Amino acid sequence: MKAKYLKGFVPAALLALAMASCDDDKVYTTWYTEATVPSEITFEVSEILPLAVGMDSTLVYTVGPEDAKDLPIIFKSSDEKVATVDQDGTIHAVSLGEAVISAVPERLGFGATGTVTVKVIPEVIKVSEIQIDNTTEVSEDGKIYETDVIQLKATLLPADHTYDRVTWMSSDESKAIVDQTGKVTCVGKGDVVIRCITHDKGNVGTDFRLHIDPYIAVEKVIVNANLTGLSLPGYEIPVDVTYVPANATIGSVDWETNDDKVCVVERGKVTATGFGSTTVVATCRATGETATVEVSVTPGLCYWGPENKWNGWICSNNAAPEDRGDEYWRISFPDAGTGKWRRDIKIDCNANNLFGWWHSDYPVYAIKTNLQKGGDNTWDVRDASAHDKAGTDLSDGNRLIVWEAAVGKWEGYHGFNLFQVKVADIPNGNVDPAAAWYDVFWIRSFKSKEDAVKFAEQEISNNK
C-alpha cells in the first residue's frame, strides 16, 4: 500500500476525479511515514480534468512506495493564464484552455513526478437523467435469487455531460450489497432498492428496484434427453431438465463437461465449442445427487434459428432496425426512396477471424425466408458452386434459397473470410414501404437440396 495524502473532503462536483472543495478545511493524512523517500506521485484523477472557469478544486494524490518519507510536495502549473495551483494542491481555473499541473517532492532527484492535464471549459454540463440496466443474464425462470450476483450499468444523459462519477448505494445491505462498479451481491430475500446518484451538484438520482427470491436448494436433477447432432461451435441449446423440487433455485446445481473442447455448459445451457462427443454432468450442491447427458457435436451440421437467436450472424449495416424474435429474425430495409432495396446478412467473420466450416456430409446450406422476389438474392461465399438465385417456393408461401458447396475443390475444414446472403437490387415496386422488411426463419446445412426442401415441407406439415 502506498502513502496517501487526502486534502479536504471529496465534493460532489468532481465525480470520478477525486477532487476536494477548497472551501473546506484541509486535512493532511498519512498512513505510512517511514524514512524512504518518494519514488512516485500519482493523482487520483482522470487523465484530463475538466474544470469550469472560476472553479477551485484540491487534488488527492498517492505517494509511493508505501514506506515513503513524509516530504513536502511542490506543485506547479505549465500555464498560469489558464490555471494556477496552490502549494496545498488546490487548482484555480482561470481561463479557457489546457494546463499541466505537476507535482514533485521538495527534495529533487528522486524520480518522483505526478502530472494531470487541466482542461478549463466554459461551464459544467450536468447530468439530467440516469438510466440503469441489468447487464447480467438472470436465471432461466427470470428471477433473481439471494445467491445471485448481477451487474448494473448506469447510462448518464445527456451524452456530453462533463463528469462521469456516480455513487451506488443499497437501501438494505441485509438483502443486497452494491459496490462502486454497480455489481450487486444478493444476500437476503425480499425487496431492495439500489440507488445511483451523480456528483455534479445536479441532484440527479435513479432507483433500481430488486425483488430477491429465497434460495431453495435443488435436491435432485433429472435430464430427459441426450443432445445429439448439435451444430457448429457457438450453437447454444438448453438441456431438457427437471428440478426437484420444482421451485428450487436453478443456480444451486453445478454443471461441468468432461471435455470443454467439445462444449461448455452454464446453468443448464450447452454451447458447442468443437466437434466430437462428451458427457455433461449436473451435481446438486445440497445433496451431491448427479445426472448426466451425452453431447454429440456433428461436423458440418449447422443450424441458426430462434433457439440460438441466429448467433454469429449480423446485418450488413445499422441503418435500420432488426428484431431477433421467438419465431423469426426480422430484418428491416434502410429507406430506399425511389431506388432499389438492399440489406445483406452475413456471418461475422473476416480475414483475421475466419468462419470455420467442415465439409463433411452436409455440403448444402438453405435459408428459409419470406424475402421478396427479384434482385440479387444469393449466397455470396468464397469457393461457391451452385447458387439457387430464384429460390424454391414452399407450400406456406415462404421459400428456400440454397447454396451448394464446391464439391471437389476442398474437403474437410475450410475457413471463410466472407459468408453472407446477398439481398440486393430488389426492384422498388417489389417492396411495400409500409412493410419494408424480410424475415429469416432459420439457416441450416443439409446433405442435398432435396433434403432441404423435404425438411422444410415436413416442418410445415407438422405445424398445421
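Among the elements of this protein chain, strand β1, residues 3-5, has the lowest mean pLDDT, at 38, and strand β15, residues 176-178, has the highest, at 97. I begin there since what we are viewing is a predicted model. Over the whole protein chain the average pLDDT is 81, and 80% of the residues score at least 70. The stretch from residue 1 to residue 35 stays under 50, and for that stretch the model has 115 contacts beyond four places in sequence.

Let me turn to the overall architecture. The protein chain contains 41 strands and one helix. Of its 464 residues, 45% count as buried. The accessible surface comes to about 22300 Å², and carbon and sulfur atoms account for 48% of that area. If we take the contacts between residues at least 6 apart in sequence, 65% of them join residues at least 24 apart.

One pair of strands may serve as an example. Strand β14, residues 166-170, is mostly covered, with four of its five residues buried. Its partner is strand β17, residues 190-198, and the two pair in the antiparallel sense over five bridges. Within that pairing, Thr167 has Ile197 of β17 as its bridge partner.

I now come to the charged side chains. How many salt bridges does a search of the whole structure find? The search finds nine, and I shall describe several of them.

In one, Asp172 is joined to Lys175, with the closest N and O atoms 2.8 Å apart. Asp172 counts as partly exposed because its relative accessible area is 22%.

In another, the side chains of Arg330 and Asp439 meet at 2.8 Å, N to O. This pair links distant parts of the chain, for Arg330 lies in strand β31, residues 329-332, and Asp439 in strand β41, residues 437-446, 109 residues apart. Are these two residues buried or partly exposed? Arg330 has a relative accessible area of 22% and is therefore partly exposed. Asp439, at 3% relative accessibility, counts as buried.

A further salt bridge brings together the side chains of Glu459 and Lys368, at 3.7 Å, N to O. Here too distant parts of the chain are linked: Glu459 belongs to helix α1, residues 449-462, while Lys368 belongs to strand β34, residues 364-369, 91 residues apart. Salt bridges with shared partners join Lys368, Glu459 and Asp396 into one network. Lys368 itself is buried, because its relative accessible area is 7%, and the limit for that class is under 20%.

Next, I would draw your attention to two loops. The loop between β18, residues 205-213, and β19, residues 220-223, holds Glu219. With a relative accessibility of 45%, Glu219 counts as partly exposed. Beyond residues up to four places away in sequence, Glu219 touches Val244, Pro245, Cys284, Thr287 and Glu289. In the case of Glu289, the separation from Glu219 is 70 residues in sequence and 7.1 Å in space, C-alpha to C-alpha.

The second loop runs between β32, residues 345-347, and β33, residues 355-358, and Leu354 is placed in it. Leu354 is partly exposed, at 41% relative accessibility. Which residues form a nonpolar patch on the surface with Leu354? They are Trp358 and Tyr413, and the patch has about 280 Å² of accessible area together.

Methods. Residues numbered from 1 in each chain as written. Heavy atoms only, no water. Patch = residues over 30% accessible without salt bridge, like charges linked within 9 Å, V, L, I, M, F, W, Y side chains within 5 Å. Areas by Shrake-Rupley, 256 points an atom, 1.4 Å probe, with all protein chains shown as cover. Salt bridge = Lys/Arg side-chain N within 4 Å of Asp/Glu carboxyl O. Buried < 20%, exposed > 50% of the residue type's maximum accessible area, 1.4 Å probe, protein only. Contact = heavy atoms within 4.5 Å. pLDDT = per-residue confidence, 0-100. Pairing = 2+ DSSP bridges.
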